[in-house]
Amino acid sequence: MALAGMGVFAEILDGEVFKYYADGEWRSSASGKSVGIVNPTTRQTQYKVQACTQEEVNKVMEAAKVAQKAWARTPLWKRAELLHKAAAILKEHKAPIAECLVKEIAKPAKDAVTEVVRSGDLISYTAEEGVRILGEGKLLVSDSFPGNERNKYCLSSKIPLGVVLAIPPFNYPVNLAVSKIGPALIAGNALVLKPPTQGAVAALHMVHCFHLAGFPKGLISCVTGKGSEIGGDTGIAISKKAGMVPLQMELGGKDACIVLEDADLDLVAANIVKGGFSYSGQRCTAVKVVLIMESVADAVVQKVNAKLAKLKVGPPEDNSDITPVVTESSANFIEGLVMDAKEKGATFCQEYRREGNLIWPLLLDHVRPDMRIAWEEPFGPVLPVIRINSAEEGIHHCNASNFGLQGCIFTKDINKAILISDAMETGTVQINSAPARGPDHFPFQGLKDSGIGSQGITNSINMMTKVKSTVINLPSPSYTMG
């Protein structure tokens with residue numbers, strides 16, 4: 001039974017088009033146009049959202065500036081209280097939101113529910129953490145610096161940035177939206193959300209939970225439409241245009257998994273399957289290339305193949321392990337990488353099989369650096385194995401990539417693990433586990449083309465504030481108990 005746009009969510013739907021959210025109300029765009037959202041499984045239009053105009057986006061920005069001024073004067077405990085309320089409402093309505101995720105991005109049903117619950121937990125944690133972090137300032141005295149007496153007191157505190165624009169990706173449209181919304185709001189900012197097209201309806205439902213919690217008008221808004229028409233671009237292009245605007249971006253990855261000879265091979269195989277194939281490999285932190293010592297390669301490949309054979313492939317409604325990739329163009333891109341590897345002689349451990357957007361899991365062995373799959377991010381259930389003869393070779397391949405999000409190492413030797421981890425040019429290295437973004441309070445960052453700035457609840461709150469100092473100049477030096 002379809003729950004989206006029903007019950008408490010009925011007011012976000014106008015006929016068959018979902019409204020956008022501005023100034024505390026649900027509206028239809030003056031454009032009179034809508035954008036269709038294609039269900040990756042059926043390849044039919046599932047939902048429609050408003051195609052907002054540039055003028056509507058500008059109005060939303062103006063309203064956000066006004067609302068933010070009042071919000072910055074709202075006591076911290078009150079901001080936290082509203083966030084806790086939104087978290088509870090979000091978790092209470094997890095079913096219709098999860099249903100949107102299943103239909104819009106083909107996320108397996110149980111994972112869709114998990115994403116919504118995790119998002120509620122993230123909001124609550126952010127409220128708690130924000131109250132602690134933002135409740136603290138700093139007092140500096142001047143006589144610690146040469147040539148100064150103790151006649152100046154510097155009080156520094158964290159103040160809001162103003163209006164924060166959040167642009168989450170399709171693969172976690174609820175979770176990667178609240179990971180920005182929560183920190184922005186607790187820190188006293190207004191927030192404008194531009195959700196991805198695939199995932200927009202789930203995001204609109206999530207925003208309605210904030211609406212029901214009673215946040216002030218204009219403080220949160222959600223505009224939908226074609227990114228190209230209301231200002232969408234790639235991360236690197238955005239960073240060039242942003243100028244003086246502070247940015248925090250997590251972009252793509254080509255996360256390397258380095259397997260040494262002394263690794264626990266069953267653990268390795270389990271993590272390669274989980275890391276490389278969960279949500280059909282459509283995760284920034286998915287294992288994207290396995291760099292494995294020649295002596296253990298055959299054994300690991302065999303173990304991985306046995307596990308891949310047991311994965312359930314099919315529609316997300318059936319809780320399949322491998323579900324259709326998000327769009328036909330994604331599937332075509334993945335297929336291009338596979339065909340390039342085929343022409344250049346990679347070993348196919350399974351036959352390549354595709355129906356519509358559904359691609360069966362595929363392990364490619366004996367991949368060489370001249371194959372595109374060795375470097376490009378497929379964002380699908382296809383994983384290359386490159387055989388290496390030394391740890392140095394693995395480190396070299398990892399560092400030759402223009403990406404540097406996460407990586408992982410499997411070895412029982414902690415000294416080797418630490419030394420290799422230090423040598424890998426990547427934001428996070430996992431030792432004896434597949435890469436992952438969570439838990440959500442851990443720092444999460446990419447180096448090189450994988451991003452700028454660091455997320456994680458504490459880091460995000462800090463990034464969404466500025467430091468403000470007030471200096472008290474005393475008429476004469478003051479020495480406590482002096």
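This section describes an annotated region, a strand hairpin, a buried helix, a loop methionine and a pocket in a predicted model.

In UniProt, an unreviewed entry lists "domain: Aldehyde dehydrogenase" for residues 26–231 and 233–469. Over residues 233–469, helix accounts for 34% of the chain and strand for 22%. The end C-alpha atoms of this stretch are 35 Å apart.

Towards the N terminus, strand 6 (residues 45–50) pairs with two other strands, strand 2 and strand 5. Strand 2 (residues 17–18) runs parallel to strand 6 and is joined to it by 2 bridges; in one of the pairings, valine 17 has lysine 48 as its bridge partner. Strand 5 (residues 34–38) runs antiparallel to strand 6, with 5 bridges between them. Here isoleucine 37 stands opposite tyrosine 47. Strands 5 and 6 form a hairpin in which 6 residues lie between the two strands. Within the turn, arginine 43 has a positive phi of about 60°.

Helix 6 spans residues 200–213, 14 residues in total. Its first and last C-alpha atoms are 20 Å apart, close to the 20 Å expected at 1.5 Å a residue. Of its 14 residues, 12 are buried, so the helix is largely enclosed by the rest of the structure. The buried set includes an unbroken run through Ala200, Val201, Ala202, Ala203, Leu204, His205, Met206, Val207, His208, Cys209 and Phe210, and is completed by Ala213. Glycine 214, just after the helix, takes a positive phi of about 95°.

Methionine 371 is found in the loop that connects strand 18 (362–365) with strand 19 (382–388). Its relative accessible area is 1%, under the 20% cut-off, and the residue is therefore classed as buried. Leaving aside residues up to four places away in sequence, methionine 371 touches Asp340, Ala341, Lys344, Gly345, Ala346 and His366. Leucine 405 is 34 residues from methionine 371 in sequence, and their C-alpha atoms are 21 Å apart in space.

The second largest pocket has a volume of about 490 Å³. Its lining is made up of 24 residues, and those nearest the centre are Arg118, Tyr172, Ser278, Arg283 and Ala436. Helix 4 (109–134) and helix 9 (265–277) are the elements that give two or more residues to this lining. Helix 4 gives the most, with 4 residues.

Conventions: Residues are numbered from 1 along each chain as its sequence is written. This is a predicted model: local features need pLDDT of at least 70, side-chain atom pairs count only at pLDDT 80 or more; totals for chains, interfaces and linings use all residues. Side-chain values use heavy atoms; hydrogens and water are left out. UniProt positions are given in the numbering used here, feature names are shortened, and annotations may be inferred rather than shown by experiment. Two strands pair if DSSP finds at least two bridges between them. Buried means under 20% relative accessible area, exposed over 50%, partly exposed in between (1.4 Å probe, protein chains only). Contact means heavy atoms within 4.5 Å. The expected span of a helix is 1.5 Å times one less than its number of residues. On a 1 Å grid over the protein atoms alone, a cavity is a set of points where a 1.4 Å probe fits but cannot get out, and a pocket is an open set with protein on both sides within 12 Å along at least five of seven lines; lining residues have an atom within 4 Å of a point. Grid points are joined across faces, edges and corners, and a volume is the space filled by probe spheres set on the points.
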